[in-house]
Amino acid sequence: MSTVLGLLFGLSASGSASAAIVLSDVAAEFDVSVGQAAWVISLYALLLAVTTAVHGRISDLVGVRTPLLVGVAMMAGGAVAAALAPTYPLLLLARLLQGAGAAAVPVLGVAALSARYDGAVRDLALGRLAGWSAVVASLGPLMGGAIEAAFGWRAVLALPALGLLVLPLLWHALGATGSGADLDVPGAVLVGLTAAGLVLLVQSPSTGVVVALVGAVLLVLGAPVTARRVRRRPEGFLPLVVVSDPAVVRSATAAAAVPAAWFGLLIAVPAVLVADGWEPWQVGMLLVPSALVALVVPRVTGPLLSRIGPSRSLAISAGSASFALAVSAIGVGTSQVAVIAAAVVVVTFAFLLGQPALSAAVGQAVPAEVRGVALGVATLVFLTGGSVGSAVVGGLGDTVGMGTALVVLAALPLLALLVLAPLLRRPVLEADPAPVD
C-alpha cells in the first residue's frame, strides 16, 4: 500500500517537475513570454497548497476513499484538459483543476497510512511513501524531456493522468468511514483564501507586484477573521486542538525549510546547467542518482525515525538540507557538476527523512478524528516552504547570482533548528518494529 501511494504521490508531484521542462514550448505555442508561461507552474502549486486542508478535513468526515477518488479524478481530468487546451486561458483553468485534485494525494496518502499503521510500522510506511514519491519526482524532468522529444509538450502535461491506473490497486485498503459530521463550508472558504494569500505573497518575488498586493490583502484580511472563527467554532473546519498544539505548529514550521531546499535546488540546478548549454534530458540524467538513492534511503529513515523520534529526525533533516545548499553553492561557484549532483543527493535524503518525520509528528500529536485536517494544514505549510525556496532562488538568482542565492537559502533550515528546540527536549517514545506491506 505504501509503495502504491508513493507512486501516486510522485505522479502528482510530476505535475510541476515535468511541466517545468516544457515551459518554453508552451510559451511558443500560445505566443506568450516564458515568464507568463510560468503561471502554468505557479497556479498549479497555488491550488496544490491551498486545498490540502480541505481534502484532509473532508477525509475526517467521510473517510479517505471517496475524497481520494474525487481528487485523483480531478487531477487526471485537469491533466488531460491541459494537454488538449486550445487557448492559454483554458490551459491555466485546467491547471487550476489539476492542482486542486492533486492536493488530495499527499495529505490523504499520509492519512491513510497513519490510520492503518502504528509505531515503527507507520514510520517505515511513511518513509517508503516518501521514497517512491521522490523517485518519481526526481525522474520527472527526465521523463518530461523524453516524452517531449517523442510526443510533444502536450503529452508531458497529460502525464499525471496515469494516476487513474494506480487508484484501483488501493481501493479496498482505503477507509470509507469518518465522523459523519457536517463540513464547515464558511470556515473552509476562509482558510482557503487566507492560505492563498500566504502562498501568493511568498511567490510574489518571481510573479510580480500585483500578485504580492493580492496576497497581502487576502492574508491581512483573512488571518484575523479565520482566527476569530476558530475561537468561536473550536470544532469547525480548522479545529482549535490542531492549531493550538505546539508539536503540530513547531514541526510544520520547521519542516517547511526542507522542501524550501528541495525546490530551490530543483530550480537552481536546471537554470545553471541550461545556461551552460545542457539539454533538458541531460539535466534529467543528473537527477537519476537521486532517484536511485530514494529507492534505498527509506530502509534507513524508517528505523531512524522510530529510534530517535520525529523531532530529532526533523533536526537531522534540516541540518542536512542546509549542508546540501552550502555544497551546491560551492558547486555552482566552481562549475563542478559532480559537487552539484552530490548536493542534490544530500537534499534528497533530507526530504526523505523530513517528510515522514513531519507526518509522524502530526499524526501522533492530535486525536484521530482531526488527523486529516491536521495533516492537511501541515502539508500546506510544508508546500509553502517549497514556494519560499522557489521565490528565494528565482528572486535573488538573477540579481546576486545563483550561488549567493543558495547561501541565503541555506540559513533557513538553520532557523528551523531554533523552532524545534523545545520539542528536542522531549523523551522519545519507544516502538517495536514490524513488517509493512
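**Exercise 1. A residue and its partner from elsewhere in the chain**

In which helix is Leu358 found? Having placed Leu358, determine whether it is buried or exposed, and state how far apart the C-alpha atoms of Leu358 and Ser251 are.

*Solution.* Keep in mind from the start that this is a predicted model.
Step 1: Leu358 is found in helix α21.
Step 2: The relative accessible area of Leu358 is 5%, and because buried means under 20%, Leu358 counts as buried.
Step 3: Leu358 and Ser251 are 107 residues apart along the chain, yet their C-alpha atoms are separated by 6.1 Å.

**Exercise 2. Two pairs of helices**

Describe how helix α20 packs on helix α23, and then how helix α4 passes helix α7, giving the direction and the handedness for each pair.

*Solution.*
Step 1: Helix α20 covers residues 298-334 and helix α23 covers residues 402-424, and the two pack with their axes 8 Å apart, at an angle of about 165°.
Step 2: An angle over 145 degrees counts as roughly antiparallel, so α20 is roughly antiparallel to α23.
Step 3: The crossing of these two helices, α20 and α23, is left-handed.
Step 4: Sorting the residues in the contact of α20 with α23 gives 20 nonpolar, four polar and one charged.
Step 5: For the other pair, the axes of helix α4 (residues 39-50) and helix α7 (residues 88-102) come within 7 Å and cross at roughly 30°.
Step 6: Since angles under 35 degrees count as roughly parallel, α4 and α7 are therefore roughly parallel to each other, and the crossing in which α4 passes α7 is right-handed.

**Exercise 3. The salt bridges**

How many salt bridges does a search of the whole structure find? For the pair Glu29 and Arg154, and then for the pair Arg57 and Asp60, work out where the partners sit and how accessible they are.

*Solution.*
Step 1: The search of the whole structure finds two salt bridges. As background, side chains of opposite charge can pair when their charged atoms come close.
Step 2: In one of the two, the side chains of Glu29 and Arg154 meet at 3.5 Å, N to O.
Step 3: This pair links distant parts of the chain, with Glu29 in helix α2 (residues 23-30) and Arg154 in helix α11 (residues 153-157), 125 residues apart.
Step 4: Glu29 is partly exposed, at a relative accessible area of 44%, and Arg154 also counts as partly exposed, at 25% relative accessibility.
Step 5: In the salt bridge between Arg57 and Asp60, the closest N and O atoms are 3.5 Å apart.
Step 6: Arg57 and Asp60 are three residues apart in helix α5, and so they are separated by about one helical turn.
Step 7: Arg57 is buried, with a relative accessible area of 9%, and Asp60 counts as buried as well, at 8% relative accessibility.
Step 8: Asp60 has a further neighbour to note, since a polar atom of its side chain lies 2.7 Å from the backbone nitrogen of Gly372.

**Exercise 4. Residues in and beside the loops**

Find where Asp31, Ser335 and Pro367 lie, and state what is noted about phi for Asp31 and Ser335. Then consider the spacing of Pro367 and Val242, and that of Ser328 and Ile340.

*Solution.*
Step 1: Most residues other than glycine have a negative phi.
Step 2: Asp31, in the loop between α2 and α3 (34-37), has a positive phi, near 55°, and Asp31 counts as exposed at 71% relative accessibility.
Step 3: Ser335, in the loop between α20 and α21, has a positive phi too, near 60°, and with 55% relative accessibility Ser335 counts as exposed.
Step 4: Pro367 is found in the loop between α21 (337-365) and α22 (371-400), where its relative accessibility of 30% makes Pro367 count as partly exposed.
Step 5: Although 125 residues separate Pro367 from Val242 in sequence, the two are 8.9 Å apart in space, C-alpha to C-alpha.
Step 6: Ser328 has its place in helix α20 and counts as buried, at 1% relative accessibility.
Step 7: From Ser328 to Ile340 the separation is 12 residues in sequence and 5.0 Å in space, C-alpha to C-alpha.

Note on methods. Residues numbered from 1 in each chain as written. Predicted model: local features only at pLDDT ≥ 70, side-chain atom pairs only at ≥ 80, totals over all residues. Heavy atoms only, no water. Axes fitted to C-alpha atoms, helices over the stretch in contact; angles between N-to-C directions. Helix = DSSP H or I, 4+ residues; strand = E, 2+ residues; numbered from the N terminus. Parallel < 35°, antiparallel > 145°, perpendicular 65-115°, else oblique. Left-handed = near helix turned anticlockwise from the far one by under 90°. Nonpolar A, V, L, I, M, F, W, Y, C, P; charged D, E, K, R; others polar. Polar contact = N/O pair within 3.5 Å; in protein donor to acceptor, adjacent residues only side chain to side chain. Salt bridge = Lys/Arg side-chain N within 4 Å of Asp/Glu carboxyl O. Buried < 20%, exposed > 50% of the residue type's maximum accessible area, 1.4 Å probe, protein only.
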